[in-house]
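Subject: The structure I promised you

Hi,

Here is the structure we talked about. Have a look at it first, then read on for what turned up.

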Amino acid sequence: MVKKSRRLTRVFSGMKSASYIAWVVIAAMSASTEAASAGSKDHHWLKDPASQCAFVLPASMTEGPAFWTGACIDGKASGIGMLRRRDGGRAGAAFLGKMKNGLPDIGVVDLGDGYRAGRFSNGDIGGEAELEPQVRIDAFRIAADAARQVSAKYAAEKNEASAQLYGTMAETLETQIE
C-alpha cells in the first residue's frame with residue numbers, strides 16, 4: 001500500500017507541475033495577445049459611414065472622410081478591396097489592396113501623382129527604404145485585383161462610369177508590374 005501511495009504522490013506532483021506550466025504558457029500567450037492588440041490601439045481608427053466597417057488609413061492618404069469597398073468581418077475591413085478618401089465632392093487618395101482586421105496589409109496607395117507600394121509598417125504603405133522586388137510585384141498584383149473587384153461591384157450596381165474607371169485603373173496597375 002505504501003508503494004501505491006508513493007506512485008500516486010508522484011502522479012499528483014507531476015500534475016501540479018503540468019498545471020503550473022500550463023498557467024505559465026497561458027499567461028505568456030495572454031500577454032503577447034494584449035501587446036498585439038495594444039499596437040492596433042495606437043492607430044487612428046475610422047469607420048465607413050454607410051457600413052460602419054472600421055479601418056485604419058495609411059498615413060500617406062492623410063486624414064479625412066474615407067470609405068471602404070470590400071468585406072467587413074467582425075466589424076473590421078478584411079480581404080481585398082479599396083479605401084477611398086473623399087476631398088469634398090471629389091475622390092482623393094485610394095488604397096487598393098488587402099486588409100487584415102481593419103489594418104492595411106499589402107497593396108498600393110494611389111496618390112494621384114504617383115504610387116506607394118508595399119506592406120503596411122510604421123503606419124503607412126511602402127515606407128521601407130529599399131522595397132524588395134517581389135513585395136512590389138505582389139503589392140501591384142493585389143492592387144490590380146482589388147481594382148477589378150471594385151469595378152465588378154460597380155458594374156453589378158449598373159454604375160458603368162465607375163466600373164469603367166476601376167477597370168482602367170486595374171489595367172494601369174498591371175502595367176506597373178512589368
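Let's start with one residue and work outwards. Leaving aside residues up to four places away in sequence, T69 touches G81, M82, V150 and K153. You'll find T69 in strand β3, which covers residues 66-73. Is T69 buried or exposed? Its relative accessibility is 14%, and buried means under 20%, so T69 counts as buried.

Before going further, keep in mind that this is a predicted model.

**The overall layout**

The protein chain has 3 helices and 8 strands. If you read along the sequence, their order is α-β-β-β-β-β-β-β-β-α-α. Of the 178 residues in the chain, 34% are buried. The accessible surface comes to about 10,800 Å², and carbon and sulfur atoms account for 57% of that. Among contacts with a separation of 6 or more, 36% are between residues 24 or more positions apart.

**Two hairpins in a row**

Now find β4 (residues 76-87) and β5 (residues 90-100). They run antiparallel and are joined by 8 bridges. G81, which you met as a contact of T69, has G97 in β5 as its bridge partner. β4 and β5 make a hairpin with 2 residues between them, and G88 in that turn has a positive phi of about 65 degrees.

β5 also pairs with β6 (residues 103-110), again antiparallel, through 7 bridges. Here A94 has D110 in β6 as its bridge partner. This pair is a hairpin too, with 2 residues between the strands, and N101 in the turn has a positive phi of about 50 degrees.

While you're looking at these strands, one handy rule: in a regular strand, side chains alternate between the two faces of the sheet.

**Helix α3 and its two sides**

Next, go to α3, residues 160-175. With 16 residues at 1.5 Å a residue, this helix should span 22 Å; the C-alpha atoms at its ends are 23 Å apart, so the two agree. Which residues of α3 are buried? They are S162, A163, Y166, M169, A170 and L173. These cover an arc of only 125 degrees around the axis, which means they sit on the same side of α3. On the other side, E160, A161, Q164 and E171 are exposed.

What do the buried residues of α3 pack against? The answer is β4, β5, β6, β7 (115-121) and α2 (133-156). So that you can see this on screen, try colouring those elements separately.

**The nonpolar cores**

The largest nonpolar core has 22 residues, and L96, V108 and L173 have the most contacts inside it. β5, β6, α2 and α3 each supply at least two of its residues. Which element gives the most to this core? That would be α2, with 10 residues.

L96 is a good one to click on. Not counting residues up to four places away in sequence, L96 touches G81, M82, G107, V108, A143, A146, A147, M169 and L173. Notice G81 and M82 in that list: T69 touches them as well. M169 and L173 are there too, and both are among the buried residues of α3.

Apart from this core lies another one, of 16 residues, among them L57, M61, L83 and F120.

Happy to go through any of it together.

Cheers

Terms used
Residues numbered from 1 in each chain as written. Predicted model: local features only at pLDDT ≥ 70, side-chain atom pairs only at ≥ 80, totals over all residues. Heavy atoms only, no water. Helix = DSSP H or I, 4+ residues; strand = E, 2+ residues; numbered from the N terminus. Buried < 20%, exposed > 50% of the residue type's maximum accessible area, 1.4 Å probe, protein only. Contact = heavy atoms within 4.5 Å. Areas by Shrake-Rupley, 256 points an atom, 1.4 Å probe, with all protein chains shown as cover. Pairing = 2+ DSSP bridges. Expected span 1.5 Å × (residues − 1). Arc of directions from axis to C-beta. Core = buried A, V, L, I, M, F, W, Y, C linked by side-chain atoms within 4.5 Å.
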